[in-house]
Amino acid sequence: MMGDMASKDTMRMRDTAPSADGPPPAGGSSDPQGRPSAPPPATRAWATRLVVVGIVLAALNLRPAITSLGALLEEVRDGLGMSGSVAGLLTSAPPLCFAVFGVMAPRLARRFGAGAVVCAGMAAITTGLLIRPYAGGTAGFLAASALALMGIAVSNVLMPVIVKRWFPDRVGSMTGLYSMALALGTSAAAAVTVPMTDTLGGDWRTGLVVWAGLAAAAVPPWLALAARERRTTPAPQASARVEAPGLLRVTRSRTAWALAVFFGLQATAAYITMGWMPQIFRDAGVPASTAGLLLAVTMVMGVPLAFVIPRVATRLPHQGPIVVVLGLCGLVGYAGLHFAPAAGAWAWALLLGVSNCAFPLALTLVGMRARTGGGVAQLSAFAQSAGYLLSIPGPLLVGVLYQHSGGWGLPLALMAALMVPQMAVGVLAGRDRTVEDEATR
């Protein structure tokens, strides 16, 4: 079946070979008009399978650098003599790096090719994870973490581009596969880092460095894809990729702004949930071990739903109803945390896990709201960079409200209130239109 999918996908994309939307032809001669001829079916199937493997391996590596550190943060602080303020900076670094470095991804992809940039991103993650436990101090640890986060940032932005380019008629299913792998990597790193560290001798450095092995495994397929991209893309075609996307002024698109705000608000909710939900349960009298398990349940919900939601979204003319359902789950979950945090703990954890699946929906919308590969690249960079910048204050504000009010009433009211604009802009982003139609050229 995969062979049939590969052949059909690549044959469709071959018809638009001179554009940036389809994958570059895999060799062959040229026709009288100078267009590259189609590669053999076996070559096309092999390349498509390699892309699928590369997408899954890359997605598995886009969060363990963060969640493995969260699991061992206390040990890292003690080992490096890190102050509380520096630790706070470290926990705020991911969205900041995603915003700063992610905006560079389209320019790099136009210059070197998307496959080469993702390959470099996986290499950066590997190098950063190898170096940071043994960097010798807080400054080195932060610098190595920033290197890994830079690799994550550019890969975050380019994954929807890769999906749109290779699977233009399967955006939902492939985004679902990518999102499911991302959720699996996130939850696995959070769940197994501590017990794995204990098994390996209890040294936090060992517990962190092992994740470099998973990142290293993602480099070979992207190295092969980057080499294929460079070998098979004619110079005029590469030049077109560089120039054409520059004609699109994505910031003049209302849909792009709606998607950016939606991305930022869902990221805010996710970071607040990951950072504060266990403490909410513990303050309500739930044992620490159970509170950690409840967070794991919330995160694991993203594994199956991240595969289902994008597939459903691509079958609907308007994705607004999905946005509303996810938002209502969040509202009920936050209300439950306020009125009966311990009595209904498992129900609230499940509901918030469903609500957090706005992330794979946002990724799907990035692929659906632009027609061309260049448009997807610019929209992805804009929505994710602006969105992650928007998400930075949320977790910090929740901490301030909790500290000054002495309880969770105000923080939970803030979380619930943010769900309302998230649903509103999500409905706008879910309308059936593209940024190319709205942006001024």
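Student: Is the crossing of H15 and H18 left-handed or right-handed?
Tutor: Happy to help! This is a predicted model, where local features need pLDDT of at least 70, side-chain atom pairs count only at pLDDT 80 or more, and totals for chains, interfaces and linings use all residues. Residues are numbered from 1 along each chain as its sequence is written, and side-chain values use heavy atoms, leaving out hydrogens and water. With the near helix turned clockwise from the far one by less than a right angle, the crossing of H15 and H18 is right-handed.

Student: At roughly what angle do the axes of H15 and H18 cross?
Tutor: Both are helices (DSSP runs of H or I, at least four residues), H15 spanning residues 288-300 and H18 residues 345-355. Their axes, lines fitted to C-alpha atoms over the stretch in contact with angles from 0 to 180 degrees, come within 8 Å and cross at roughly 30°.

Student: Which residues in H18 does H15 meet?
Tutor: Contact means heavy atoms within 4.5 Å. From H15, Thr290, Leu293, Leu294, Val297 and Thr298 meet Ala345, Trp346, Ala349, Leu350, Leu352 and Gly353.

Student: Which helix gives the most to the largest nonpolar core?
Tutor: That core has 89 residues, with Ile55, Met159, Trp222, Phe262 and Leu361 touching the most other members. Its members are buried (under 20% relative accessible area, 1.4 Å probe) and joined through side-chain atoms within 4.5 Å. With 12 residues, the top contributor is H8.

Student: How many residues are in the second, separate core?
Tutor: Leu294, which takes part in the H15 contact with H18, belongs here alongside others including Ile272, Val286 and Ala291. The count for this core is 21 residues.

Key. Helix = DSSP H or I, 4+ residues; strand = E, 2+ residues; numbered from the N terminus. Buried < 20%, exposed > 50% of the residue type's maximum accessible area, 1.4 Å probe, protein only.
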